[in-house]
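Reader: I've got a two-chain model open and would like to talk it through. Can we start with one helix and work outwards?

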Amino acid sequence: MKIRKEFSALLLLLSLILALLPLTANRSFTAKPGKLLPEILKEDVAVTVDQVAELIVREDNTFQLIDLRSTEEFRKQSIPGAVNIPYPEFIKKDPETWLGNKNIRTIFYTTEDTDSDYALVYARGLGYDNSYVMEGGITEWIATVMETKFTGERITARENALFETRRRAGEMFTELNSLPDSLKTKFLESKKFSAKKLDGGCE
Amino acid sequence: MKFLRHYWLVLSITLLAVILVMIRTYSHNFRYDAVRWAEPSAAGSNIITEDQIPAMSSDILLITLGNEAPAIELLQDKILKLNPESILEKTNLSLIRKNKGPVILFADDNSVSARVWMVLSEMGIKNIFILQDVHKNVLP
């Protein structure tokens, strides 16, 4: 009788372990493949460099930029406000740390390669639907924002606004990347501080 | 028989648990451990170029996700043209899973092949690659 009870207990324990095993394994995609695929192929998961430039110039705090390139590349040149998480590190660590705040949109970028696309699918697959990619990466940023020129005779108000945004974002990029690493963070903080002062108003 | 009569309840529970675990693990949804399936993308081992194709097995399945196909003579009779959105349809997925050799994805836009690769890889499909840096032919 005792042996029978022990055997039963052992089998039930085994069942419990089997049932719980996948749940205790590493994180897995939560979305259904049939739902995820069309979602990540939509155009609206990509933002243009001009949209990113505007967010930077406005000092919008409802988004974060994640630079997935290597630390060396990031140190050489980066977009103002970007956080560096090299792609291999991004997939290995718990994304909750970076993507946990659902009120903040995350925009990934790399040079122009596919790491940002992998990161987009990875993040959305894990349920972080507020993830986007910057089309063309930093290569497109340099070609569009940094090398912007107006060559026509007349400029419309819309073109002027776009040109002005690019110019201001470009200035911030140049200022930031001409600083030593230790001063880059301080520079960004001071930008936020001066914007607050300019906003003015009564407290 | 005596053994089964004594343990029928416990054995049924165990069997049920095993079946449920098998369904969850091998169903057509995503596999457990997302990091493991994404790792080739971090190592870059999922990217191949034209030069590597002759060294691969003869059972290659080339999937073109657009209107262009790589101009590689060796692969001309192994091309399957698909819309990226339709790759998860039952017949297409079955072709991919049953293919004995490597499955190679190709798209005009590398972003599309990268995104599709990640989805398929997380579904547990091994031996799947992205072809980059090749001359292209426009498909009819």
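Reader: What covers the buried residues of helix 4 of chain B?
Author: Quick housekeeping: this is a predicted model, where local features need pLDDT of at least 70, side-chain atom pairs count only at pLDDT 80 or more, and totals for chains, interfaces and linings use all residues. Residues are numbered from 1 along each chain as its sequence is written, while chains are lettered from A and ligands numbered from 1 in the order in which they are written. Helices (H or I, at least four residues) and strands (E, at least two) are DSSP runs, numbered from the N terminus. The cover comes from both chains and includes helix 2 (33–41) and helix 7 (115–125) of chain A, together with helix 2 (34–43), strand 5 (103–106) and strand 6 (128–131) of chain B.

Reader: How many residues of helix 4 of chain B are buried?
Author: Buried means that 20 or more other C-beta atoms lie within 10 Å of a residue's own (12 or fewer is exposed, in between is partly exposed, and C-beta atoms are placed from the backbone). Among those that pass are B:Val112, B:Trp117 and B:Leu120. The helix is mostly covered, and the count is 12 of its 13 residues.

Reader: Why should helix 4 of chain B span 18 Å?
Author: The expected span of a helix is 1.5 Å times one less than its number of residues. Helix 4 of chain B has 13 residues (110–122), so the rule at 1.5 Å a residue can be set against its end C-alpha atoms, and the two agree at 18 Å.

Reader: Which residue just after helix 4 of chain B takes a positive phi?
Author: Look just past the end of that helix for a phi of about 95°. The residue is B:Gly124.

Reader: What angle does helix 4 of chain B make with strand 6 of chain B?
Author: In chain B, 5 strands form an open sheet with parallel pairing, in the order 1-6-5-2-4; two strands pair if DSSP finds at least two bridges between them. Strand 5 and strand 6 of chain B pair over 3 bridges, with B:Leu105 partnered by B:Ile130. Helix 4 of chain B packs on this sheet and touches both strands, with contact meaning C-beta atoms, placed from the backbone, within 7 Å. Axes are lines fitted to C-alpha atoms, for helices over the stretch in contact, and angles run from 0 to 180 degrees between N-to-C directions; here the angle is about 175°.

Reader: At what angle does helix 7 of chain A run to strand 5 of chain A?
Author: Chain A has an open sheet of 5 strands too, parallel and ordered 1-5-4-2-3. Helix 7 of chain A lies across strand 4 and strand 5 (131–134) of that chain. Its angle to strand 5 of chain A is about 170°.

Reader: What radius of gyration does chain B have?
Author: The radius is taken over C-alpha atoms, and the globule rule is 2.2 Å times the number of residues to the power 0.38. For a compact globule of 140 residues that gives a value near 14 Å. The C-alpha trace of chain B spans about 70 × 30 × 30 Å along its principal axes, and the chain's radius is 20 Å.

Reader: Which element of chain B has the lowest mean pLDDT?
Author: pLDDT is the predictor's confidence in each residue, from 0 to 100, and chain B averages 85. Helix 4 of chain B has the highest mean among its elements, 95. The lowest, at 65, belongs to strand 7 (residues 136–138) of chain B.

Terms used:
Two residues are in contact if their C-beta atoms, placed from the backbone, lie within 7 Å.
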